[in-house]
Amino acid sequence: MDLPKYIGTIHPEEWLKQIQTHCHLKDITDEQKILNICKFKIGSSINIPNDINTLDKLVKTLKSHSTFNIFKDSCKMKLKAMKYIPEKEENYTATFLANFRSLCDDAEINDPEEIKHLLFNAYSSNEFFQNEFIKRLIGINLVEEIFKVFNEVVFEELNIIKKGTCIALKHVATGKYLSSCNINYQTGSRCQIVCIF
């Protein structure tokens, strides 16, 4: 395993975990040795003061560097551009939410209202989803619950018959199939009415 170099393209805490994992596998447990390894693996464009003597101070220093704000802003832009498209096989809900949560963690977004807004915009092209998601989120302020509601609404939306879908319905009493005719409903959907003649 090659040690990752820190150049501002990963969250400092995640980068430190990767370094610590490598050190653990090599039986390096002394914090000062790990700190020295970390300092050697920081890009030359990122200046670290010599008085940094703990891993916590190193992470705080990396978070205060301008590269970290650029990284967080990049993650926020990715979140705003994310779209949940259930028709794409590789974009199923678990993958989408895992990527979404990872970007939220990297961007240090933990405000429930901001997360609701980002999730809503990621799948706002569907009217059922919009209405159900907003309705079910009333009073929910736990991030875990927000993700749970997103999953539930997406799953229920898959079971809904969408406008334009062809289905066959048989009238039980007459045994005839229902069809539509060229007369539209006066109210409601204003779509063609259903009849058996």
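**Entry 1: α1 against α3**

I started with how α1 and α3 lie relative to each other, keeping in mind that this is a predicted model. The two helices are oblique to each other. I had looked up their axes for this: α1 and helix α3 (residues 55-64) cross at roughly 140°, and the axes come within 9 Å. Angles over 145 degrees would count as roughly antiparallel, so at roughly 140° this pair stays in the oblique class. The hand of the crossing of α1 and α3 is right-handed.

Next I listed who meets whom. From α1 I noted Pro12, Glu13, Trp15, Leu16 and Gln20, and they meet Leu55, Leu58, Val59, Leu62 and Lys63 of α3. Sorted by class, this contact of α1 with α3 has 7 nonpolar residues, 1 polar and 2 charged.

**Entry 2: α5 against α6**

I then turned to helix α5 (residues 93-106) and helix α6 (residues 112-122), which pack at about 140° with axes 12 Å apart. By that angle, α5 and α6 are oblique to each other. Their crossing is right-handed. On the α5 side I found Phe96, Leu97, Phe100 and Cys104 making the contact, and on the α6 side Ile115, Leu118, Leu119 and Ala122. What classes of residue does the contact of α5 with α6 have? I got 8 nonpolar residues, with no polar and no charged ones.

**Entry 3: His11**

I moved to His11, which sits in the segment before α1 (12-25). Is His11 buried or exposed? Its relative accessibility is 4%, so His11 counts as buried; the cut-off for that class is under 20%.

I also wanted its partners. Setting aside neighbours within four places in sequence, I have His11 in contact with Lys63, Phe68, Phe71, Asp105, Asp106 and Glu108. I recognised Lys63 from Entry 1, where it is one of the α3 residues that meet α1. With Glu108 there is a polar contact between the side chains, at 3.0 Å.

**Entry 4: Glu108 and Asp27**

I followed that contact to Glu108, which I found in the loop between α5 and α6. Where does the backbone angle phi of Glu108 fall? I read it near 55°, a positive value in a residue other than glycine. Glu108 has 35% relative accessibility and therefore counts as partly exposed.

I noted a positive phi at Asp27 too, near 60°, and again the residue is not a glycine. Asp27 belongs to the loop between α1 and α2 (31-40). At 68% relative accessibility, I put Asp27 down as exposed, the class for values over 50%.

**Entry 5: the whole chain**

Last, I stepped back to the protein chain overall. I counted 8 helices and 2 strands in its secondary structure. What pattern does the chain follow along the sequence? I wrote down α-α-α-α-α-α-α-α-β-β, so to read it from the start one passes the helices and then reaches the two strands.

Of the 197 residues, 32% count as buried. For contacts with a separation of 6 or more, I noted that 44% are between residues 24 or more positions apart. The contact of His11 with Glu108 from Entry 3 is a handy pair to pull up when looking at the chain in the viewer.

Notes
Residues are numbered from 1 along each chain as its sequence is written. This is a predicted model: local features need pLDDT of at least 70, side-chain atom pairs count only at pLDDT 80 or more; totals for chains, interfaces and linings use all residues. Side-chain values use heavy atoms; hydrogens and water are left out. Axes are lines fitted to C-alpha atoms, for helices over the stretch in contact, and angles run from 0 to 180 degrees between N-to-C directions. Helices (H or I, at least four residues) and strands (E, at least two) are DSSP runs, numbered from the N terminus. Angles under 35 degrees count as roughly parallel, over 145 as roughly antiparallel, 65 to 115 as roughly perpendicular and the rest as oblique. A crossing is left-handed if the near helix is turned anticlockwise from the far one by less than a right angle, and right-handed if clockwise. Contact means heavy atoms within 4.5 Å. Ala, Val, Leu, Ile, Met, Phe, Trp, Tyr, Cys and Pro count as nonpolar, Asp, Glu, Lys and Arg as charged, and the others, Gly among them, as polar. Buried means under 20% relative accessible area, exposed over 50%, partly exposed in between (1.4 Å probe, protein chains only). A polar contact is a pair of N or O atoms within 3.5 Å; within protein, one must be able to donate a hydrogen and the other to accept it, and residues adjacent in sequence count only if both atoms are side-chain atoms.
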